[in-house]
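Colleague: Got a minute to walk me through this one? I'd like to start with what surrounds the ligand.

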Amino acid sequence: MAENGAAQENQVAKHQEVGHKSLLQSDALYQYILETSVYPREPEPMKELRELTAKHPWNLMTTSADEGQFLSMLLKLINAKNTMEIGVYTGYSLLATALALPHDGKILAMDINRENYEIGLPVIQKAGVAHKIDFREGPALPVLDLMVEDKNNHGTYDFIFVDADKDNYINYHKRIIELVKVGGVIGYDNTLWNGSVAAPPDAPMRKYVRYYRDFVLELNKALAADPRIEICMLPVGDGITLCRRIS
Ligand code: SAM
Ligand code: CA
């Protein structure tokens with residue numbers, strides 16, 4: 001029994017090392033999902049970008065393959081055409097989006113770091129979907145402020161994926177709620193924040209996990225109390241909260 005318990009603990013501990021990829025409490029189950037339903041159906045360009053990103057020192061930031069598959073399915077289910085992404089990194093979720101949208105679909109993609117976007121760009125170009133992407137280098141907030149000023153932008157987005165600086169999610173929400181259409185969806189990523197949202201405040205945590213935890217907790221409360229949206233928090237990847245605008 002004790003040995004079994006230790007082995008289980010070891011597995012959980014090992015799993016938490018890749019906590020941003022999945023919060024499932026068993027490596028074996030997560031591998032099963034990847035190997036049975038995700039990798040066999042992953043489009044070749046996404047596989048190429050995933051493998052390219054794995055060599056990058058900040059690869060912990062990338063969207064996991066199962067979450068990429070989820071986003072692709074979601075975009076098709078809602079017939080998304082006009083979309084936005086805040087936080088691109090090397091572009092795995094961006095490529096998933098670009099492949100899922102119709103030929104005339106659009107993605108306004110923002111990131112303060114163009115260098116990392118350019119790692120993935122050749123793969124996106126080779127996949128024939130770069131024409132859907134309007135990449136803006138720089139902080140997203142001023143761009144959103146400008147967009148909100150113009151009423152023509154209000155209610156024009158089918159889907160907005162937020163995967164950038166967690167301390168700004170509340171500020172993003174204040175703006176993008178105006179930009180997404182009624183019936184459209186916002187996805188906030190990492191809302192389970194490595195599982196830390198349910199940990200006691202004095203639990204050991206990496207410094208950056210502890211720092212952003214308070215912002216994620218605040219966001220989660222704010223979303224649950226916002227009458228303009230319906231929400232659904234999914235334990236995919238590091239947690240994604242879907243918000244459907246209803247008014
Ligand atoms: N969605 C990406 C993917 O699939 O690989 C991962 C995004 S990564 C978790 C977060 C990104 O947000 C980083 O590339 C970072 O440069 C960007 N970022 C941080 N602060 C930002 C800001 N104020 N505005 C726009 N992007 C920002
Ligand atoms: Ca993320």
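Colleague: Which residues come nearest to ligand 1?
Modeller: Keep in mind that this is a predicted model. Thr63, Gly87, Ser93, Asp111 and Asp163 come nearest, out of 19 residues around ligand 1.

Colleague: Which polar side-chain atom lies 2.6 Å from an oxygen atom of ligand 1?
Modeller: One from Asp111.

Colleague: And what about the nitrogen atoms?
Modeller: Gly87 has a polar backbone atom 2.9 Å from a nitrogen atom of ligand 1. Tyr172 puts a polar side-chain atom 3.4 Å from a nitrogen atom of the ligand.

Colleague: How much of the accessible area of ligand 1 does the protein cover?
Modeller: 88% of the 600 Å² that ligand 1 has on its own.

Colleague: Which pocket does ligand 1 take up?
Modeller: The largest pocket.

Colleague: Switching to the metal. What are the protein donors of the calcium ion, ligand 2?
Modeller: Asp163 gives two OD entries, Asp189 gives an OD and Asn190 gives its OD1. They lie 2.2 to 2.9 Å from the calcium ion. Asp163 is also among the residues nearest to ligand 1.

Colleague: What spacing do the donors follow along the chain?
Modeller: D-x25-D-N. Asp163 and Asn190 are 27 residues apart, so to speak a link between distant parts of the chain.

Colleague: Where do Asp163 and Asn190 sit?
Modeller: Both are in loops. Asp163 is between strand S4 (157-162) and helix H8 (169-179). Asn190 is between strand S5 (180-189) and helix H9 (207-225).

Colleague: Are Asp163 and Asn190 buried or exposed?
Modeller: Both are buried.

Notes
Residues are numbered from 1 along each chain as its sequence is written. Chains are lettered from A and ligands numbered from 1 in the order in which they are written. This is a predicted model: local features need pLDDT of at least 70, side-chain atom pairs count only at pLDDT 80 or more; totals for chains, interfaces and linings use all residues. Side-chain values use heavy atoms; hydrogens and water are left out. Donors are N, O and S atoms within 2.8 Å of the metal (3.2 Å for Na, K and Ca); water is not among the atoms, so sites may look incomplete. Helices (H or I, at least four residues) and strands (E, at least two) are DSSP runs, numbered from the N terminus. Buried means under 20% relative accessible area, exposed over 50%, partly exposed in between (1.4 Å probe, protein chains only). A residue is near a molecule or strand if one of its heavy atoms lies within 4 Å of it. A polar contact is a pair of N or O atoms within 3.5 Å; within protein, one must be able to donate a hydrogen and the other to accept it, and residues adjacent in sequence count only if both atoms are side-chain atoms. Accessible areas come from the Shrake-Rupley method with a 1.4 Å probe; for residues, only the protein chains shown count as cover. On a 1 Å grid over the protein atoms alone, a cavity is a set of points where a 1.4 Å probe fits but cannot get out, and a pocket is an open set with protein on both sides within 12 Å along at least five of seven lines; lining residues have an atom within 4 Å of a point. A molecule sits in a cavity or pocket if more than half of its atoms lie within 2 Å of its grid points.
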